[in-house]
Amino acid sequence: MTDQSGHDPVRIGIVSVSDRASTGVYEDKGLPALQDWLTRALHNPITFESRLIPDEQDGISATLIGLVDAGCSLVLTTGGTGPALRDVTPEATLAVAHKEMPGFGEQMRQISLKFVPTAILSRQVAVVRGQSLIINLPGQPKAIAETLEGLKDAEGKQVVAGIFAAVPYCIDLIGGPYLETQDAVCKAFRPKTAIRAPRTV
């Protein structure tokens, strides 16, 4: 069902995984960064479901299942994707997967490698559960924006595609709402046959 602007409403889960932030040792910056970027990137009216949780594998898996069951078509996590002993977000995500989508993690690492050689230590994964797409993102707000948007040159021309360009069509394919992006932030790609004609209000 579309709203008055003709855009499908969407429910999005955003999850920050951090022992220290979840106990108040320091301020979480992942959730505000995700919410800000998504609000700028999408025309759709968004209902956010935000969660700040510790690095506990069973708890992360339960949170992801809960957000999918609550109707989130897209769930984005930040944090817990490195090689440290407490970094278990990828394992928790794979544990709830119906399908794995390895291209997202591959592209995120390619983008991050343009900035730091330690990007090869990142273990982000993406999966489909039911009619929901779940993607692990990096922990830093700057890296979150870079991986979602991709890289542009000084003139604003896209040099490397960000992962979000593929998200709307993926959600189409699994039966979710029709996401429409703000091209200045991130231009979604769909085959011509999958592009919906603009709706008149």
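Ser 112 counts as buried in this predicted model, because its relative accessibility comes to just 14%, under the 20% cut-off. The residue sits in helix 5. Setting aside neighbours within four places in sequence, Ser 112 is in contact with Ala 119 and Thr 147. Helix 5 itself covers residues 102–112. This helix lies across strand 4, strand 5 and strand 6, and its run makes an angle of about 25° with strand 6.

Moving on along the chain, Phe 115 turns up in the loop between helix 5 and strand 5. Buried or exposed, or something in between, for Phe 115? With a relative accessibility of 42%, Phe 115 counts as partly exposed. Not counting residues up to four places away in sequence, Phe 115 touches Lys 142, Glu 146 and Leu 151. As for Ala 143, its C-alpha atom is separated by 9.5 Å from that of Phe 115, with the two positions 28 residues apart along the chain as the separation.

Lys 142 and Glu 146, touched by Phe 115, bring the story to helix 6, which spans residues 141–149. Helix 6 packs with helix 2 (residues 30–41) at an angle of about 30°, and the axes are 9 Å apart. The two helices are therefore roughly parallel to each other, since angles under 35 degrees fall in that class. The crossing of helix 2 past helix 6 is right-handed. On the helix 2 side, the residues involved are Gly 30, Ala 33, Leu 34, Trp 37 and Arg 40; they meet Pro 141, Ile 144, Ala 145, Leu 148 and Glu 149 of helix 6. Sorted by class, this contact has 7 nonpolar, 1 polar and 2 charged residues.

Then there is the sheet. It is an open one, made of 6 strands in the order 2-1-3-6-5-4, with mixed pairing. Strand 2 (46–53) and strand 4 (99–100) are the edge strands, each pairing on one side only. For strand 4, the pairing with strand 5 (residues 126–129) is antiparallel and runs over 2 bridges. Lys 99 has Val 128 in strand 5 as its bridge partner. Helix 2 comes back into the picture here: this helix packs on the sheet and touches strand 1 (10–17), strand 2, strand 3 (74–78) and strand 6 (132–137). Relative to strand 2, the direction of helix 2 makes about 165°.

Technical notes: Residues are numbered from 1 along each chain as its sequence is written. This is a predicted model: local features need pLDDT of at least 70, side-chain atom pairs count only at pLDDT 80 or more; totals for chains, interfaces and linings use all residues. Side-chain values use heavy atoms; hydrogens and water are left out. Axes are lines fitted to C-alpha atoms, for helices over the stretch in contact, and angles run from 0 to 180 degrees between N-to-C directions. Helices (H or I, at least four residues) and strands (E, at least two) are DSSP runs, numbered from the N terminus. Angles under 35 degrees count as roughly parallel, over 145 as roughly antiparallel, 65 to 115 as roughly perpendicular and the rest as oblique. A crossing is left-handed if the near helix is turned anticlockwise from the far one by less than a right angle, and right-handed if clockwise. Contact means heavy atoms within 4.5 Å. Ala, Val, Leu, Ile, Met, Phe, Trp, Tyr, Cys and Pro count as nonpolar, Asp, Glu, Lys and Arg as charged, and the others, Gly among them, as polar. Two strands pair if DSSP finds at least two bridges between them. Buried means under 20% relative accessible area, exposed over 50%, partly exposed in between (1.4 Å probe, protein chains only).
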